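The exercises below ask you to read cysteine pairing, burial and open space from a single model. Work through each task before turning to its solution.

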Amino acid sequence: MVRFATKVLEKILGVLRRVESHSRVSSVARHYKEVIKSASTHDMVETPDEVYYGDQYWHWISKYLESKKAPREGVYADLGCGQGRLAMRLAKWLSQGGAVAGCDISEDAIGAARRYASDGGIDNISYEVSDTLNFLKSRPSNSLDGVLFTEVALVTPEYVDVLKEVKRVLRSSGLFFVSFRPQYFNLLYATYSDRWEDADKILSSRSGVLWGGDITYTWQTSGEVKKLFEDDLGMQLLNLVGIGCVSGIEGDPHEKLARPSRLDTDTRDKLMQLEIKLGEMMPDGGRYMLAIAKK
Ligand SMILES: C[S@@+](CC[C@H](N)C(=O)[O-])C[C@H]1O[C@@H](n2cnc3c(N)ncnc32)[C@H](O)[C@@H]1O
């Protein structure tokens, strides 16, 4: 009797394990389907607000490339490069011999990135359709002078593995630019959109499905990002700055304060100066937090 009951129990457990593993696989598939869909519908190169934030990222990236004397003839990577918003700025900054390798899981984004580069006469970027981790794992250690990973960690549940791989592939003194979604931004968004269950999740956890969709997001505080770099990764955090502390794109809670694309050039310049100052004062106040680190 006991043996029979044990056998039945084992069978039930086996079925439950298969159901659990199947539902995990299908939730991962739904995550990637949604991420790829949103990359195809939101163009980071042409959307006017995104041009402004591209310039704000580039302010910080170029400042550290220059001040840390990163080699202009070096080899760089842009992980989750989208349509090449930052890869193109970086490629133009490089001199003869310098090159950028960009990867993205969205075929549409990579197709657009290739077209933008070709239209702009940029021939020192190679693009490939690839998942970030696979792309990094195919690279030798100590082979890159710098890596960009902007606005991708928020949709990368395994982002800590990506960061560890980036450390491996960077040369000594190589620079890493990675942006994270601040916990505070998500709390503003939950309040703004009346999603109180999400607010509880955002307070108590650091990753999960939000906003009634299929994407698994990650979010952090500035203190956690500092600890991640200094204690867990053993990389020197040079700066941590907020991007877009008082402005936003359509749908952001910050949108009510200012939409860069709705401002005249003079006012937009003033907004940029203000956000650059604020960014250093309150990284958690940004739409994103940009960490600038050195191996
Ligand atoms: C908001 S866009 C940012 C694009 C670019 N980094 C920029 O700042 O303009 C996020 C991009 O990350 C890509 N992405 C998300 N998860 C990825 C993964 N696991 N591997 C490669 N690309 C990924 C998406 O397809 C999308 O193009």
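**Exercise 1.** In this predicted model, decide whether C245 is buried or exposed, and then establish how many disulfides the structure holds.

Solution. C245 has a relative accessibility of 8%, and because buried means under 20% relative accessible area, C245 counts as buried. C81, at 7% relative accessibility, also counts as buried. Turning to pairing, the cysteine sulfur closest to that of C81 belongs to C103 and lies 6.3 Å away; since a disulfide requires sulfur atoms within 2.5 Å, this distance is too far for a bond. The structure as a whole holds 0 disulfides.

**Exercise 2.** Place H31 in the secondary structure and determine which residues it touches.

Solution. H31 belongs to helix 1, which covers residues 2-41. With a relative accessible area of 3%, H31 is buried. Leaving aside residues up to four places away in sequence, H31 touches V155, P157, D214, I215 and T216.

**Exercise 3.** Describe the lining of the largest pocket, and then that of the second largest pocket.

Solution. The largest pocket, with a volume of about 1,200 Å³, is lined by 48 residues, and S38, E151, L154, V155 and Y288 lie nearest its centre. Helix 1 supplies the largest share of this lining, 7 residues, and by class the lining has 20 nonpolar, 15 polar and 13 charged residues. The second largest pocket holds about 160 Å³ of space, and its lining includes M44, R85, M88 and Y116. Here the largest share, 4 residues, comes from helix 3, while the lining residues divide into 6 nonpolar, 1 polar and 3 charged.

Methods: Residues are numbered from 1 along each chain as its sequence is written. This is a predicted model: local features need pLDDT of at least 70, side-chain atom pairs count only at pLDDT 80 or more; totals for chains, interfaces and linings use all residues. Side-chain values use heavy atoms; hydrogens and water are left out. Helices (H or I, at least four residues) and strands (E, at least two) are DSSP runs, numbered from the N terminus. Buried means under 20% relative accessible area, exposed over 50%, partly exposed in between (1.4 Å probe, protein chains only). Contact means heavy atoms within 4.5 Å. On a 1 Å grid over the protein atoms alone, a cavity is a set of points where a 1.4 Å probe fits but cannot get out, and a pocket is an open set with protein on both sides within 12 Å along at least five of seven lines; lining residues have an atom within 4 Å of a point. Grid points are joined across faces, edges and corners, and a volume is the space filled by probe spheres set on the points. Ala, Val, Leu, Ile, Met, Phe, Trp, Tyr, Cys and Pro count as nonpolar, Asp, Glu, Lys and Arg as charged, and the others, Gly among them, as polar.
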